Amino acid sequence: MSEVPRSFRLLEELEKGEKGKVAPGVSYGLDNNDDMELTNWSATIIGPEGTRHEGRFYALKVTCGPSYPREPPRIRFVTRVNVSCADAHGNIIPRQVPALTSWNSATTIERILVSIREVMANHANKGLAQPAEGSEY
């Protein structure tokens, strides 16, 4: 089976994101509509209910390199957060996010964001004290 070209795959993801046909609690789209390479994306995760994240909006940056989807994108939080899957600078630690740990080319930006949100809601993270709302890295 042949692989879908990078641009086709990213255009499909962009269309889904722009139409809001994504899982509850996440959204994403291009940083700049003039980005013809479809490289730089902005994303939002709404904090899961029943956690210290509830009601907060977390901004993230997603960078889809030239090898995406064969290789996962780089992702970092822009909004400060205290969670096990992000380092001290907001960079996502791939081994802490199930969708990245088990990466394959069928995994989407949406699936990664949902997986990060699930990590935010897990027992180890849901009660962690959080930085001041709206603070950024």
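In the predicted model, Arg 9 and Glu 13 both belong to helix α1, where a spacing of four residues places them about one turn of the helix apart. Their side chains are joined in a salt bridge with an N to O distance of 2.8 Å. Arg 9 and Glu 13 are both buried. This pair is one of five salt bridges in the structure. In general terms, opposite charges on side chains can pair when the charged atoms come close.

A further salt bridge links the side chains of Glu 15 and Lys 19, with 2.9 Å from N to O. Glu 15 has a relative accessibility of 43% and therefore counts as partly exposed. Lys 19, at 52%, lies above the 50% cut-off and so counts as exposed. A salt bridge is also formed between the side chains of Lys 61 and Asp 31, at an N to O distance of 3.0 Å. Because Lys 61 is located in strand β3 and Asp 31 in the loop between β1 and β2, this pair ties together parts of the chain that are 30 residues apart in sequence. Both partners are partly exposed: the relative accessible area is 27% for Lys 61 and 37% for Asp 31.

Lys 61 is also one of the residues that line the largest pocket. The space in this pocket amounts to about 220 Å³. Two elements, β3 (57–63) and β4 (74–77), each give two or more residues to its lining. Strand β4 provides the largest share, with three residues. By class, the lining divides into six nonpolar, two polar and three charged residues. Besides Lys 61, the lining includes Thr 63, Pro 72, Pro 73, Arg 74, Ile 75 and Arg 76. The remaining lining residues are Asn 91, Ile 92, Pro 94 and Leu 100.

On the surface, a nonpolar patch is made up of Val 4, Phe 8 and Leu 11, which together have about 280 Å² of accessible area. Leu 11 is part of helix α1, which spans residues 6–18. With a relative accessibility of 44%, Leu 11 falls between the cut-offs of 20% and 50% and is therefore classed as partly exposed.

Two features of backbone geometry were identified in loops. As a general rule, most residues other than glycine have a negative phi, and most peptide bonds are trans. Leu 38, although not a glycine, has a positive phi of about 55°. This residue is situated in the loop between β1 and β2 (40–46). Its relative accessibility of 7% is under the 20% limit, so Leu 38 counts as buried. The second feature is a cis peptide bond between Tyr 68 and Pro 69, with omega at about 10°. Pro 69 is positioned in the loop between β3 and β4.

Lys 21 is placed in the loop between α1 and β1 (26–30). Its relative accessible area is 55%, and Lys 21 is therefore exposed. Between Lys 21 and Ser 105 there is a separation of 84 residues in sequence and of 20 Å in space, taken from C-alpha to C-alpha.

How values were computed. Residues are numbered from 1 along each chain as its sequence is written. This is a predicted model: local features need pLDDT of at least 70, side-chain atom pairs count only at pLDDT 80 or more; totals for chains, interfaces and linings use all residues. Side-chain values use heavy atoms; hydrogens and water are left out. Patches are made of residues with over 30% relative accessible area and no salt bridge: like charges are joined within 9 Å, nonpolar side chains (Val, Leu, Ile, Met, Phe, Trp, Tyr) within 5 Å. Accessible areas come from the Shrake-Rupley method with a 1.4 Å probe; for residues, only the protein chains shown count as cover. A salt bridge is a side-chain nitrogen of Lys or Arg within 4 Å of a carboxyl oxygen of Asp or Glu. Buried means under 20% relative accessible area, exposed over 50%, partly exposed in between (1.4 Å probe, protein chains only). On a 1 Å grid over the protein atoms alone, a cavity is a set of points where a 1.4 Å probe fits but cannot get out, and a pocket is an open set with protein on both sides within 12 Å along at least five of seven lines; lining residues have an atom within 4 Å of a point. Grid points are joined across faces, edges and corners, and a volume is the space filled by probe spheres set on the points. Ala, Val, Leu, Ile, Met, Phe, Trp, Tyr, Cys and Pro count as nonpolar, Asp, Glu, Lys and Arg as charged, and the others, Gly among them, as polar.
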